[in-house]
Amino acid sequence: MDLEKLQYPIGKFAKGKTYTIEEVKKNIESFSAFPQQLESLVKNWDDKILAVKYRHGGWNGRQVINHLGDSHAQLLLRFKSALTDEKAEIKPYHEDKWAELNDSLNAPVNFSLQIINGVHARLSILLKTLSESDFQKQFFILKINTLLLWLNL
């Protein structure tokens with residue numbers, strides 16, 4: 001079993017990739033559709049299914065879905081900061097520790113599905129109005145007040 005393929009099912013992040021305007025529009029549509037696709041996937045999952053870990057050492061289904069709610073909420077804040085702040089500083093968070101908190105382990109996944117739905121609705125409206133120059137804005141990720149990485153949106 002290829003652990004990396006399980007951990008990164010669509011591959012690892014590749015810095016520096018560029019997209020055409022057509023690809024950006026297609027990706028925005030895909031982004032907009034994600035909440036309903038996720039909801040359709042998990043709508044009949046019970047606690048037994050949500051307790052299953054998809055790989056050794058990984059999170060269970062409930063943790064993954066609740067992580068998506070956490071990370072997508074972070075996405076909204078980070079994206080808006082990158083658009084509005086000069087040299088936006090993005091603070092990382094401990095995803096692994098968040099996944100072990102009581103709400104990640106026990107909260108019904110419908111709360112996270114609501115977060116994801118709201119974030120995607122808001123960001124879809126915003127993304128569709130961005131100019132090409134907006135996509136050139138930059139942010140950097142901080143780690144203990146050290147510049148880690150410059151990223152282009």
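Which residues in α2 meet which residues in α7? In this predicted model, the α2 side consists of Ile 28, Phe 31, Ser 32, Phe 34, Pro 35, Leu 38, Glu 39 and Val 42. Their partners in α7 are Leu 113, Ile 116, Asn 117, His 120, Leu 123, Ser 124 and Leu 127. Sorted by class, the residues of this contact are ten nonpolar, four polar and one charged.

Before the helix pairs are taken up in turn, the chain as a whole needs a brief description. It contains seven helices and three strands, and the order of these elements from the N terminus is α-α-α-α-β-α-α-α-β-β. The C-alpha atoms fill a box of roughly 45 × 35 × 30 Å along the principal axes. Of the 153 residues, 32% count as buried. Among contacts in the chain with a separation of 6 or more, 67% come from residues 24 or more positions apart.

The packing of two helices is described by the angle between their axes and the distance between those axes. For helix α2 (residues 21–42) and α7, the angle is about 165 degrees and the axes are 8 Å apart. Angles over 145 degrees count as roughly antiparallel, and α2 and α7 are therefore roughly antiparallel to each other. Their crossing is left-handed.

Helix α7 (residues 109–127) also packs against helix α4 (residues 61–84); the two axes come within 8 Å and cross at roughly 25 degrees. That angle makes α4 roughly parallel to α7, the limit for this description being under 35 degrees. The crossing of α4 and α7 is left-handed. On the α4 side the contact is made by Arg 62, Ile 65, Asn 66, Leu 68, Gly 69, His 72, Ala 73, Leu 75, Leu 76, Phe 79, Lys 80 and Leu 83. On the α7 side it is made by Val 109, Ser 112, Leu 113, Ile 115, Ile 116, Val 119, His 120, Arg 122, Leu 123, Leu 126 and Leu 127. This contact has 15 nonpolar, five polar and three charged residues.

The remaining pair to consider is α2 with α4. Their axes come within 13 Å and cross at roughly 165 degrees, which makes α2 roughly antiparallel to α4. Here too the crossing is left-handed. Phe 31, Phe 34, Leu 38 and Val 42 in α2 meet Ile 65, Leu 68, His 72 and Leu 75 in α4. By class there are seven nonpolar residues, one polar residue and no charged residues in the contact of α2 with α4.

Helix α4 also includes Thr 84. With a relative accessible area of 62%, Thr 84 is exposed. Its C-alpha atom is separated by 9.8 Å from that of Asp 134, although the two residues are 50 residues apart along the chain.

Aromatic rings provide a further detail. The structure holds one aromatic pair, formed by Tyr 93 and Trp 98. The pair is tilted, with 4.3 Å from centre to centre and 45 degrees between the planes. As for accessibility, Tyr 93 is buried, with a relative accessible area of 13%, whereas Trp 98 is partly exposed at 29%. The cut-off for buried is under 20% relative accessible area, so Tyr 93 at 13% meets it.

Key
Residues are numbered from 1 along each chain as its sequence is written. This is a predicted model: local features need pLDDT of at least 70, side-chain atom pairs count only at pLDDT 80 or more; totals for chains, interfaces and linings use all residues. Side-chain values use heavy atoms; hydrogens and water are left out. Axes are lines fitted to C-alpha atoms, for helices over the stretch in contact, and angles run from 0 to 180 degrees between N-to-C directions. Helices (H or I, at least four residues) and strands (E, at least two) are DSSP runs, numbered from the N terminus. Angles under 35 degrees count as roughly parallel, over 145 as roughly antiparallel, 65 to 115 as roughly perpendicular and the rest as oblique. A crossing is left-handed if the near helix is turned anticlockwise from the far one by less than a right angle, and right-handed if clockwise. Contact means heavy atoms within 4.5 Å. Ala, Val, Leu, Ile, Met, Phe, Trp, Tyr, Cys and Pro count as nonpolar, Asp, Glu, Lys and Arg as charged, and the others, Gly among them, as polar. Rings of Phe, Tyr and Trp (its six-membered ring) pair if their centres lie within 6.5 Å; planes under 30 degrees apart count as stacked, over 60 as edge-to-face and the rest as tilted. Buried means under 20% relative accessible area, exposed over 50%, partly exposed in between (1.4 Å probe, protein chains only).
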